[in-house]
Structure formats: structure tokens, C-alpha cells
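Me: I should like a close reading of a single part of this predicted model, set in the context of the whole chain. Please give the reasoning along with the values.

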Amino acid sequence: MSALSHPVKDPYLAALGVQIRRLRQAQGWSQDEFAARAGMHRTHPTKLENGLLDPRLSTLRRVAEVLGVEVGVLLPNREVE
């Protein structure tokens with residue numbers, strides 16, 4: 001099996017993904033609905049929530065706006081391991 005077939009998750013990105021998933025689910029939205037509201041490709045929420053995508057600041061701003069929170073709410077508030 002290739003070493004590239006399973007990317008290593010960055011713990012910080014994984015924690016960011018958990019927070020995005022929690023906030024999306026609190027809105028009662030599917031990943032597809034969230035993607036449509038945020039104007040992103042339908043596969044991006046899955047990658048974000050699983051810590052497999054390192055989003056740009058502009059993406060975080062759009063995600064926060066759609067979720068009705070400040071960008072800082074999305075970010076992990078402690079060191080992650």
C-alpha cells in the first residue's frame with residue numbers, strides 16, 4: 001500500500017473539522033446543504049470536517065459567516081496533539 005493513500009491528519013485541522021461539524025449539525029444541515037449555502041464544492045465539507053483540507057482564510061470567513069459565528073469560534077482554543 002502506498003504511503004500517499006492515507007494522508008496523515010494534522011491534529012489542529014482535525015480539531016477545526018470537529019468544530020465545523022458540530023456547528024453544522026447544530027443548524028440541522030447536511031454536508032450537501034452546508035456546501036450549497038457556503039458556495040463550495042459538495043466534497044469540501046467532508047474534507048474540512050475530517051481534517052483533510054487546510055482551508056484558506058477566505059474559506060474560514062465564509063464558513064463562519066454561513067454558520068453565524070466569528071472565525072475565532074471555529075479555531076481550536078488550545079494546543080492539540
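Does Ala 35 count as buried or exposed, and at what relative accessibility? Please begin there and then take a close look at the helix H1 and its surroundings.

Reply: Ala 35 counts as buried, because its relative accessibility is 1%, which falls under the 20% cut-off. The residue lies in helix H2. Setting aside neighbours within four places in sequence, Ala 35 has contacts with Met 40, His 41, Arg 42 and Pro 45. Val 63 is 28 residues away along the chain, yet the C-alpha atoms of Ala 35 and Val 63 are separated by 9.1 Å.

The setting is as follows. The predicted model has five helices and zero strands, and the order of its elements from the N terminus is α-α-α-α-α. Of the 81 residues, 30% count as buried. Among contacts between residues at least 6 apart in sequence, 62% join residues at least 24 apart. The accessible surface comes to about 5,500 Å², and carbon and sulfur atoms account for 51% of that area.

Helix H1 comprises residues 11-27. At 1.5 Å a residue, its 17 residues should span 24 Å, and the end C-alpha atoms are 25 Å apart, so the expected and computed spans agree. Seven positions of the helix can be taken together: Leu 13, Leu 16, Gly 17, Gln 19, Ile 20, Leu 23 and Arg 24 are buried in H1. These residues cover an arc of only 165° around the axis, which means that they are on the same side of H1. The general geometry accounts for such a pattern: an α-helix has 3.6 residues a turn, so residues three or four places apart point the same way. On the other side of H1, Val 18 and Ala 26 are exposed. The cover over the buried residues of H1 includes helix H2 (31-38), helix H3 (44-49), helix H4 (57-67) and helix H5 (71-74). Helix H2, which also holds Ala 35, is thus one of the elements that cover H1.

The two ends of H1 can be described in turn. At the N-terminal end, Asp 10 acts as a cap, with a side-chain oxygen 2.7 Å from the backbone nitrogen of Tyr 12. Just after H1, Gly 28 takes a positive phi of about 80°.

Arg 24, in helix H1, links the helix to the segment that follows. Arg 24 counts as buried because its relative accessibility is 7%. Its side chain reaches the backbone oxygen of Trp 29 at 2.6 Å. Beyond its neighbours within four places in sequence, Arg 24 is in contact with Trp 29, Ser 30, Gln 31, Phe 34, Glu 49 and Leu 67.

Two of these contact partners, Trp 29 and Phe 34, also pair with each other. The count of aromatic pairs comes to one. The ring centres of Trp 29 and Phe 34 are 6.4 Å apart and the planes lie at 20°, so the pair is stacked; the limit for stacking is under 30 degrees. Trp 29 is buried, because its relative accessible area is 10%. Phe 34 is likewise buried, with a relative accessible area of 0%.

How values were computed: Residues numbered from 1 in each chain as written. Predicted model: local features only at pLDDT ≥ 70, side-chain atom pairs only at ≥ 80, totals over all residues. Heavy atoms only, no water. Helix = DSSP H or I, 4+ residues; strand = E, 2+ residues; numbered from the N terminus. Expected span 1.5 Å × (residues − 1). Buried < 20%, exposed > 50% of the residue type's maximum accessible area, 1.4 Å probe, protein only. Arc of directions from axis to C-beta. Contact = heavy atoms within 4.5 Å. Polar contact = N/O pair within 3.5 Å; in protein donor to acceptor, adjacent residues only side chain to side chain. Phe/Tyr/Trp six-rings, centres within 6.5 Å; stacked < 30°, edge-to-face > 60°. Areas by Shrake-Rupley, 256 points an atom, 1.4 Å probe, with all protein chains shown as cover.
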